Amino acid sequence: MSRTALILGCGGTIGGAWMIAALHALTEQTGFDPREADVLLGTSAGAELVTMLAGGVGVDELVCMQRWQACDPRLREHIASVPPGRPPRPRLPLLNPRLLRTHSGLAAFAGIAPTGRGDASWLQRLAEGFEVGAWLPHPAAWMVAYDVRAGERVLFGAPGSPIATVGEALRASWATPGWMPPVPVGDRIFVDGGMGSTASVDLITPEDADLVYVIAPMASAPGVRIPGAGGRIEYRLIRRPMSTVLHAEIAAARARGTTVVPILPTPTDLAGLSAHFMNASRRVPAFEHSMRTAPDTVRTALAANGAAV
């Protein structure tokens with residue numbers, strides 16, 4: 001029997017808005033309901049969306065949330081609590097300077113980032129609003145976080161993972177180094193899962209799913225970036241390394257026989273987004289721009305990967 005996974009990558013406030021527009025286009029064009037995916041896997045902003053989808057929220061409701069029209073009070077409160085575009089000044093100590101010697105890319109950066117002091121209570125409230133029993137209602141809702149001491153990713157919610165509440169897992173997955181505080185779970189310390197991979201496609205096995213949709217706002221085709229000087233910086237420091245890792249993960253998954261449909265922002269999408277992924281003042285215009293551009297992006301992705309309907 002065919003099994004489907006939906007992977008939602010990291011992306012902050014702006015990336016989250018784009019992912020909702022892409023999800024809307026995907027459901028419109030395929031009839032796929034993300035709530036019915038066999039596996040929901042999210043990283044950072046993707047984990048935020050997984051929390052809502054796994055709690056029974058439909059894509060149309062997420063669209064309404066972005067437009068301040070949500071009926072669900074949990075969604076109204078959540079969108080009203082999006083953090084400001086500037087974090088509080090972080091504090092010492094650094095998270096784990098040893099990662100600079102043992103790792104590369106964003107993982108190494110995580111080690112030399114100071115400790116964030118942002119308020120993650122908005123994520124805790126969201127998690128508590130959808131938590132049922134020990135976890136979420138969906139049987140396979142997973143969130144990726146990065147163990148900053150061990151230098152490895154952990155898949156909260158998956159079999160064999162460390163035991164955590166939904167709030168701990170969501171805050172850990174979203175804990176952007178230098179911005180949000182790291183999250184202790186047992187004797188381990190976790191930060192944003194995007195430090196290890198923007199989407200962690202490699203954590204899905206052929207036994208988990210044979211069709212994987214990947215929606216990853218922080219990755220793109222080589223050379224594709226947000227316009228302007230900020231876009232050049234974002235591409236060099238974040239988008240290019242994240243894209244390199246993602247494309248390698250997708251190639252490995254396909255080599256194992258898994259059908260992977262990556263939905264990544266195109267130049268047209270990126271023209272309406274922001275190089276500052278936490279720029280809350282750009283959320284609404286970025287979302288409305290994405291609602292116009294995402295249908296073509298999704299249609300092209302489906303056709304390019306043999307998944308057109």
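User: Cysteine 71, buried or exposed?

Analyst: Cysteine 71 is exposed, with a relative accessible area of 73%. On the cut-offs, buried is under 20% relative accessible area, exposed is over 50%, and partly exposed lies in between, with a 1.4 Å probe and protein chains only.

User: What kind of model is this, and how is it numbered?

Analyst: It's a predicted model, with residues numbered from 1 along each chain as its sequence is written. Local features need pLDDT of at least 70 and side-chain atom pairs count only at pLDDT 80 or more, while totals for chains, interfaces and linings use all residues, and side-chain values use heavy atoms, leaving out hydrogens and water.

User: Back to the cysteines. How many disulfides?

Analyst: The count is 0 disulfides, where a disulfide is a pair of cysteine sulfur atoms within 2.5 Å.

User: Why no bond for cysteine 64?

Analyst: Because the closest cysteine sulfur, in cysteine 71, is 6.6 Å from the sulfur of cysteine 64, too far for a bond. Cysteine 64 is partly exposed, at 28% relative accessible area.

User: Different topic: which residues does a cis peptide bond join?

Analyst: Leucine 92 and proline 93, with omega about 15°. Proline 93 sits in strand S3 (residues 91-94). Helices (H or I, at least four residues) and strands (E, at least two) are DSSP runs here, numbered from the N terminus.

User: Which residue other than glycine has phi near 60°?

Analyst: Serine 44, and that phi is positive. Serine 44 is in the loop between strand S2 (39-43) and helix H2 (45-54), and it is buried at 2% relative accessible area. Tryptophan 68 also has a positive phi, near 65°. Most residues other than glycine have a negative phi, and most peptide bonds are trans.

User: Where is tryptophan 68?

Analyst: In the loop between helix H3 (59-66) and helix H4 (73-80). Tryptophan 68 counts as exposed, at 53% relative accessibility.

User: OK, pockets. What volume does the largest pocket have?

Analyst: About 520 Å³. The search runs on a 1 Å grid over the protein atoms alone: a pocket is an open set of points where a 1.4 Å probe fits, with protein on both sides within 12 Å along at least five of seven lines, and lining residues have an atom within 4 Å of a point. The volume is the space filled by probe spheres set on the points, which are joined across faces, edges and corners.

User: Which lining residues are closest to its centre?

Analyst: Of the 23 lining the largest pocket, Phe109, Thr176, Met218, Ile238 and Phe277 are closest to the centre. Helix H6 (105-112) and helix H9 (228-255) each supply at least two lining residues, and H9 gives the largest share, 6 residues.

User: How do the lining residues divide?

Analyst: Into 14 nonpolar, 7 polar and 2 charged. Ala, Val, Leu, Ile, Met, Phe, Trp, Tyr, Cys and Pro count as nonpolar, Asp, Glu, Lys and Arg as charged, and the others, Gly among them, as polar.

User: Which residues of H6 are buried?

Analyst: Leu106, Ala107, Ala108, Ala110 and Gly111. What covers them includes S3, helix H5 (99-102), strand S5 (141-147) and H9.

User: Last one: leucine 273. What is it in contact with?

Analyst: Leaving aside neighbours within four places in sequence, leucine 273 contacts Ile14, Trp18, Arg282, Ala286 and Ser290, contact meaning heavy atoms within 4.5 Å. Leucine 273 is buried at 10% relative accessible area, in the loop between helix H10 (267-270) and helix H11 (283-304).
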